[in-house]
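User: I have a new model open and want a quick tour before I set anything up. Can you walk me through it?

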Amino acid sequence: MNKKMKKISLYIMALLSTGLVSCNQDFETIFSPQTNPQESLLQASDVTVANNTPAVINLAEYFTEDGIAKAIPIGAATVKEGAMPANTILKAEVEFSKDADFSNSIVLDANSLDGSSDISVSASLLQDAYFNEITRNPATTDLYIRTVLYTVTGGTSDAIVGKPGENYYAESKVQFTPLNKVQISPAYYIIGGPNDWAGSAAEKPIKFNHSGADVYEDPIFTVVFDAAAEGDTWFAIGDDEACDAIGAGDWTKLFGIVGGDSQAKEGRLDYRYNLGADNSFCVPAGAKKIKVTIDMMSYTFKVEPVSIADNYYLIGGPGDWSADAAMTMTFNHSSKDVFEDPVFTYTFDGGKDMWFAFGDKDAIDAVAAGDWTKLYGTTGASEDLTGSFDRRYNLDGDHSFHIDGSAKMYRVSINMADMTYEIKELNFNEYIYEAGVNNDWGAVGQPLYCANQDGIYAGFFYAQDADWSEGKGAFKFTGAFNSWNEGNYGTGTINDDGLSGTLIDDGGSGNVLATPGFYKAEVNLAEMTYKLTPITGIGLIGPAQAGGWDTDTDLTFNPETRAWEGTIELAADEFKFRANDGWDINWGGTIDNLTQDGPNLKIETAGKYFIQFFPICETKSFAVITASE
């Protein structure tokens with residue numbers, strides 16, 4: 001964390017304080033701090049401050065049994081006799097930081113020094129400022145402290161003693177323990193749910209996800225899990241301590257719902273031992289999955305049941321209407337959970353008139369048993385290419401989908417969150433184009449080639465970053481050269497590997513982002529997916545160069561020419577180009593048309609050559625080989 005210094009006034013902090021009353025000393029101030037105060041006539045050398053700060057500050061010791069906050073001593077100020085200007089008194093601000101350089105700090109007004117030389121701060125103000133501005137973590141830590149002094153003349157005009165940022169008093173480092181305002185465990189689990197209660201407490205198979213940050217800075221935990229196979233799904237929430245207690249027969253340390261409404265979708269959590277009952281959660285039968293979000297800073301929860309299955313299946317269409325055939329036609333889905341990405345797609349060949357429906361595993365199993373009513377059908381006309389859908393048992397017939405087969409391919413997209421669909425007719429062009437930072441967003445042609453009119457394209461390019469792209473190479477794909485009107489393919493979802501994901505054809509889609517570097521890009525517009533393969537090096541292999549068929553002579557990528565280049569001594573013999581010191585990606589054929597797995601190339605005359613290799617895509621890749629002195 002790298003926050004700027006926070007100036008916390010007494011008036012603001014008094015409002016932030018919760019459950020802690022002010023201390024019994026006078027911390028009210030009549031002064032109005034200036035943003036850039038002038039330097040005081042009182043010299044820094046005319047003031048000394050005896051450091052009275054204790055070596056250990058445990059805030060729990062600075063509150064009475066009645067919750068009254070005490071003062072934390074900082075120092076005692078002494079002014080050289082005769083040095084204080086007339087009608088002037090001292091005031092103090094105390095800065096606290098976990099970092100020795102005070103890059104993450106807070107500043108508190110000290111008590112009024114009108115008639116007092118002792119400098120102190122309110123324990124309640126320090127606790128609230130530390131909790132709200134530095135960290136909510138209650139762990140003991142080193143805390144750095146320093147004091148800035150001001151003179152206040154006539155009760156209204158203040159001036160800093162010494163030079164800003166240079167003169168500090170009562171500097172110290174203490175061992176600091178804040179109040180533990182809330183207890184957050186590092187991990188939480190679903191107990192019960194689709195699993196045995198005692199068994200799930202022992203094995204903890206359903207763990208909440210977390211960002212990995214300090215749990216006091218990010219107290220949000222989430223989990224998605226399957227609902228019970230039959231009936232309602234009952235569960236509770238617990239941490240490791242609660243799970244261990246269950247092993248000893250104590251179930252009271254689990255969390256339940258405050259108020260006891262077991263089917264509440266949102267509310268507050270508390271321990272069972274505070275609730276006096278189990279107060280477990282219940283999601284009624286019908287849900288496929290359940291998402292639970294807990295905020296352990298506020299002890300609140302949100303339960304989101306959904307009826308989205310892991311898989312969906314086409315029935316009919318390019319196959320037959322049997323359950324066995326349907327199980328071979330599985331819709332595609334990204335690696336995200338269905339809450340984040342509820343869209344599923346299935347692509348198949350056209351060329352003939354077809355009728356089809358789709359369903360989840362339950363629906364297909366029902367078909368096998370002779371029940372067709374659980375399949376999904378369109379709520380509109382069968383020929384509609386977009387619309388909504390519902391279970392057949394909610395419709396007045398089968399309402400199957402119908403296409404005339406005039407397109408080469410069809411992609412069916414279903415959104416299971418809003419129950420809508422789109423049937424896209426696909427007739428693919430020979431090329432699509434990368435457009436990004438590296439080529440002025442498509443002004444320079446960077447094609448990807450589709451060999452079989454199946455929507456699967458491949459090409460090579462350098463992903464370049466920009467000031468605004470936060471160190472990532474940014475690009476999209478377009479359906480035509482230097483045009484965004486025939487396909488604008490950007491990120492739908494990004495998989496955890498950062499190198500693959502789904503695409504959407506939408507001008508508002510996000511850029512594909514990757515670590516800057518050279519890549520082979522594979523784009524499947526039939527499935528609307530992409531995959532990037534990093535090209536860490538390209539070189540020559542074969543007896544024309546020194547390493548023979550065992551070791552490459554590497555080339556260097558030149559972003560100005562967009563070529564892999566090198567000056568190499570070559571024999572009159574054969575060679576090929578290959579990537580990543582392997583044969584998965586290699587080029588041969590002819591110099592003006594280099595293709596994957598093409599025949600060996602040959603140097604006719606031995607000598608030194610300057611080589612430029614331009615790996616673009618099939619039908620476009622070439623090399624320039626020039627004799628070099």
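Analyst: Here is a walk from the whole chain down to single residues. The model is predicted.

User: What is the mean pLDDT of the protein chain?
Analyst: The mean is 91. Of the residues, 94% reach 70 or more.

User: Where does pLDDT stay under 50?
Analyst: Over residues 8–34. The model still has 67 contacts for that stretch beyond four places in sequence. Where pLDDT is low, though, predicted coordinates should not be read in detail.

User: OK. How many helices and strands does the protein chain have?
Analyst: Seven helices and 46 strands.

User: And what is the radius of gyration of the protein chain?
Analyst: The chain has 35 Å. A compact globule of 629 residues would be near 25 Å. The C-alpha atoms fill a box of roughly 100 × 80 × 45 Å along the principal axes.

User: How much of the chain counts as buried?
Analyst: 49% of the 629 residues. The chain exposes about 28,800 Å², and carbon and sulfur atoms supply 46% of that area.

User: What share of the contacts joins residues at least 24 apart?
Analyst: 63%, counted among contacts between residues at least 6 apart in sequence.

User: Switching to helices. Which residues of helix 4 are buried?
Analyst: Helix 4 spans residues 240–247, and its buried residues are Ala-242, Cys-243, Ala-245 and Ile-246. They cover an arc of only 160° around the axis, so they sit on the same side of helix 4.

User: What does the face turned away from that buried side carry?
Analyst: Two exposed residues, Asp-244 and Gly-247, are carried there.

User: And what covers the buried residues of helix 4?
Analyst: The cover includes strand 12 (188–192), helix 3 (197–203) and strand 14 (233–239).

User: Now helix 7. Which of its residues are buried?
Analyst: Helix 7 covers residues 361–368, with Ala-363, Ile-364, Ala-366 and Val-367 buried. Viewed down the axis, the buried residues of helix 7 fall within an arc of 155°, so they line one face of the helix.

User: What covers them?
Analyst: Strand 20 (313–316), helix 6 (323–326), strand 22 (354–359) and strand 24 (386–391) are included in the cover of helix 7.

User: What phi does Gly-370 take, just after helix 7?
Analyst: A positive one, about 95°.

User: Which residues other than glycine have a positive phi?
Analyst: Ala-170 and Asn-482 are among them. Ala-170 has a phi of about 50°. For Asn-482, phi is near 55°. As background, most residues other than glycine have a negative phi.

User: Where do those two lie, and are they buried or exposed?
Analyst: Ala-170 lies in strand 11. Its relative accessible area is 8%, so Ala-170 is buried. Asn-482 lies in the loop between strand 31 and strand 32 (483–494). At 47% relative accessible area, Asn-482 is partly exposed.

User: Cysteines next. How many disulfides does a search of the whole structure find?
Analyst: Zero.

User: Why is there no bond for Cys-450?
Analyst: Because the closest cysteine sulfur, in Cys-617, is 11 Å from the sulfur of Cys-450, too far for a bond. A disulfide needs the sulfur atoms within 2.5 Å.

User: Are Cys-450 and Cys-243 buried or exposed?
Analyst: Cys-450 is buried, with a relative accessible area of 4%. Cys-243, in helix 4, is also buried, with 4%.

User: Let's do loops. Where is Ile-184 placed?
Analyst: Ile-184 is in the loop between strand 11 (169–177) and strand 12. Its relative accessibility is 3%, so Ile-184 counts as buried.

User: What is Ile-184 in contact with?
Analyst: Leaving aside neighbours within four places in sequence, Ile-184 is in contact with Val-215, Tyr-216, Pro-219, Phe-221, Met-296 and Met-297.

User: How far is Ile-184 from Thr-379?
Analyst: Their C-alpha atoms are separated by 48 Å. Along the chain, Ile-184 and Thr-379 are 195 residues apart.

User: Last one. Where is Ser-469, and is it buried or exposed?
Analyst: Ser-469 is in the loop between strand 30 (456–463) and strand 31 (473–480). Ser-469 is buried, with a relative accessible area of 5%. Its C-alpha is 9.9 Å from that of Ala-514, and the two residues are 45 apart along the chain.

Note on methods: Residues numbered from 1 in each chain as written. Predicted model: local features only at pLDDT ≥ 70, side-chain atom pairs only at ≥ 80, totals over all residues. Heavy atoms only, no water. Buried < 20%, exposed > 50% of the residue type's maximum accessible area, 1.4 Å probe, protein only. Helix = DSSP H or I, 4+ residues; strand = E, 2+ residues; numbered from the N terminus. Arc of directions from axis to C-beta. Contact = heavy atoms within 4.5 Å. pLDDT = per-residue confidence, 0-100. Rg over C-alpha atoms; globule rule 2.2 N^0.38 Å. Areas by Shrake-Rupley, 256 points an atom, 1.4 Å probe, with all protein chains shown as cover.
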